[in-house]
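Reader: I am new to this one. Please take me through it, and give me the reason behind each label.

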Amino acid sequence: MVGIYHHQTKDDAGHSLLMNFKPREQELQNQLEDHLSLIDKKLKELDNNEGNVSKLKETQLLQRAKTQKLTIPHFFSFLLLLLSFCSVVYFAGTHPGSYWIILLRLVRSPLIVILYLYLYGMNILVWARAGINYIGIFKYPSKGVPTPRYIFQIASVFSVLFSILIIACLAVGDIALFYLDKISALVMWAILLIFVLNPLKIFRRAARFAFLLVFVRVLIAPFPVVTFGDFWFADQLNSLVAVFLDVQYLFCYFIREESWTNVVKLKTCTGINNGIRPIISCLPALWRFLQCLRCYQKTRKVSHLVNAVKYFTTFPVVIFATIFALKVKPSVNLYHLNLETTGWVIIMWALSSIIHALYTFYWDVAMDWGLLCLRDGTLLRPKLLYRKWIYPPVILFDFIVRFACAVKLTLAIVYHIDSDVIYTILIVCEMSRRVVWNFFRVEYEHVLQTTKI
């Protein structure tokens with residue numbers, strides 16, 4: 001009995017000891033929860049502070065960009081570039097079949113890139129002065145935010161360098177004598193590539209590398225999640241298809257075994273028998289098509305599929321232009337075309353071009369710019385950040401150039417030596433349309449992010 005009693009006594013003591021520890025355990029648990037709550041609170045405060053600092057920095061950068069402008073030196077550099085470009089186009093147009101055509105094809109794209117850089121600087125300047133938070137929309141890196149002054153400075157330096165090369169070609173006259181057309185083209189592209197790919201911490205490395213990252217994200221579509229900057233940049237490439245085609249011409253020109261001074265033989269660099277030029281013409285539209293499918297896969301919004309169809313309409317235009325170049329062009333006179341000799345090819349090309357132009361025009365105005373608010377009984381949306389009278393002529397301009405783009409797509413395939421000047425003019429028109437599109441697309445994105453529509 002004593003042993004049993006002693007055993008029960010020890011059990012009662014252990015139970016009493018555990019009961020004494022439970023209040024202490026609960027107290028420690030409460031303290032731990034209080035500490036964790038305090039840590040969460042501090043982390044949220046830190047996040048809010050960082051967000052406030054970011055917003056404050058965005059506001060400061062926007063105010064700084066708003067005060068900047070196109071200075072007189074920048075303006076004269078722009079005029080110098082424009083004059084050089086027009087001189088090459090003039091000599092190519094007045095001397096068809098000469099070496100000036102080759103010079104135009106070789107240096108056209110570097111000059112267009114710098115011209116586009118000027119216009120992009122104007123985009124940023126107008127956005128900033130209209131109070132559009134382009135920094136937050138594009139999510140630029142903190143050390144790589146582009147400002148109008150910086151863009152104009154870079155473009156001015158390139159303009160002077162490239163214009164010197166063009167002036168040298170004009171001064172020599174016989175550019176084939178010293179291979180100035182080849183040297184000029186190589187130097188221009190080398191300068192552009194060195195500037196973009198330079199790994200040193202100069203010339204806004206963060207901005208340059210962010211540009212390269214977006215370019216890679218576009219190339220590997222549809223795998224990355226599509227951001228506003230991704231599809232905006234891909235849309236820019238859709239208006240700069242000529243740059244890719246000129247790069248193809250540059251490579252073809254240098255790797256072929258024919259003499260550099262043989263203009264007739266080098267016309268094969270614009271041929272389509274190997275299918276390279278039609279494929280290149282479709283690549284930017286294909287990238288945007290895949291991006292739209294990626295957006296649909298993520299959001300399941302049918303509007304992304306409808307947008308994908310818009311880019312798909314590019315392919316029939318290129319396909320029928322290719323058929324025309326392969327089957328019809330060799331057997332007929334380009335200046336005396338008729339339905340009896342061309343048949344269904346011309347009809348299908350015209351139909352696909354009209355559908356492409358109308359589809360893209362409607363999407364520009366109604367979806368990308370948020371205009372044509374027909375259900376509200378008005379042409380324009382309720383909130384506008386630019387002056388109201390600007391919108392109708394811009395809509396008309398977009399309509400006209402959209403139809404010209406269909407012609408440009410065809411000239412890229414049905415290429416002959418007399419079309420270079422017309423093709424160049426259409427390239428500049430399309431680039432101008434894209435710059436105008438940028439003004440209103442980013443404006444509408446700002447409206448969507450700041451108001452409920």
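Author: Start with the helices, since loops are named by the helices around them. Helices here are DSSP runs of at least four residues, numbered from the N terminus. Arg-204 then has its place in the loop between helix 6 (180–197) and helix 7. Keep in mind that this is a predicted model.

Reader: How many helices and strands does the protein have?

Author: The count is 16 helices and zero strands.

Reader: What is notable about phi of Arg-204?

Author: Phi is near 55°. That is a positive value, and the residue is not glycine.

Reader: Why is Arg-204 called partly exposed?

Author: Its relative accessible area is 31%. Buried means under 20% and exposed means over 50%. Arg-204 falls in between, so it is partly exposed.

Reader: Where is Arg-300, and what is its phi?

Author: Arg-300 sits in the loop between helix 10 (276–299) and helix 11 (302–312). Its phi is near 60°, again positive in a residue other than glycine.

Reader: Is Arg-300 buried or exposed, and how do you know?

Author: Exposed. The relative accessibility of Arg-300 is 54%, and the cut-off for exposed is over 50%.

Reader: What joins Ala-221 and Pro-222?

Author: A cis peptide bond, with omega about 15°. Pro-222 lies in the loop between helix 7 (205–219) and helix 8.

Reader: What share of the protein counts as buried?

Author: Of its 453 residues, 45%.

Reader: What makes a set of residues a nonpolar core?

Author: The members are buried nonpolar residues joined through side-chain atoms within 4.5 Å. The largest such core has 88 residues. Val-107, Trp-127, Tyr-134, Phe-138 and Trp-232 have the most contacts inside it. Helix 3 (residues 99–129) gives the most to this core, with 17 residues. Another core, of six residues, lies apart from it. Ala-221, Phe-289, Leu-290 and Cys-292 are among its members.

Reader: Which residues does Trp-232 touch?

Author: Leaving out residues up to four places away in sequence, Trp-232 touches Tyr-116, Tyr-120, Trp-127, Phe-138, Trp-437, Asn-438 and Val-442.

Reader: Which residues form one aromatic cluster with Trp-232?

Author: Tyr-120, Trp-127, Tyr-134, Phe-138, Tyr-140, Phe-228 and Phe-231 share that cluster with Trp-232.

Reader: Why does Phe-231 count as buried?

Author: Its relative accessible area is 17%. The limit for buried is under 20%, so Phe-231 meets it. Phe-231 is found in helix 8 (residues 228–239). Its contacts, apart from neighbours within four places, are Val-226, Arg-288, Gln-291 and Arg-441.

Reader: How many aromatic pairs does the structure hold?

Author: It holds 31. One of them is formed by Tyr-253 and Phe-254.

Reader: What makes the pair of Tyr-253 and Phe-254 edge-to-face?

Author: Two values matter. The centres are 6.0 Å apart, and pairing asks for centres within 6.5 Å. The planes stand at 80°, and edge-to-face means over 60 degrees. Tyr-253 is buried, at 0% relative accessibility. Phe-254, at 23%, is partly exposed.

Reader: Why is the pair of Trp-369 and Phe-440 called tilted?

Author: The planes meet at 45°. Stacked needs under 30 degrees and edge-to-face over 60. The angle fits neither, so the pair is tilted. The ring centres are 5.2 Å apart.

Reader: Where in the chain are Trp-369 and Phe-440?

Author: Trp-369 is in the loop between helix 14 and helix 15, and Phe-440 is in helix 16 (residues 420–450). They are 71 residues apart, so the pair links distant parts of the chain. Trp-369 is buried at 1% relative accessible area. Phe-440 is buried too, at 3%.

Reader: Which residues make the nonpolar surface patch?

Author: Ile-354, Leu-358, Leu-396, Phe-399 and Ile-400 make a patch of about 450 Å². Helix 15 (391–413) gives the largest share, three residues. Helix 14 (344–368) supplies at least two.

Reader: How do you know that Ile-354 is open enough for a patch?

Author: Patch residues need over 30% relative accessible area. Ile-354 has 41%, so it clears that cut-off. By the same value it is partly exposed. Its place is in helix 14.

Definitions and conventions: Residues numbered from 1 in each chain as written. Predicted model: local features only at pLDDT ≥ 70, side-chain atom pairs only at ≥ 80, totals over all residues. Heavy atoms only, no water. Buried < 20%, exposed > 50% of the residue type's maximum accessible area, 1.4 Å probe, protein only. Patch = residues over 30% accessible without salt bridge, like charges linked within 9 Å, V, L, I, M, F, W, Y side chains within 5 Å. Areas by Shrake-Rupley, 256 points an atom, 1.4 Å probe, with all protein chains shown as cover. Salt bridge = Lys/Arg side-chain N within 4 Å of Asp/Glu carboxyl O. Contact = heavy atoms within 4.5 Å.
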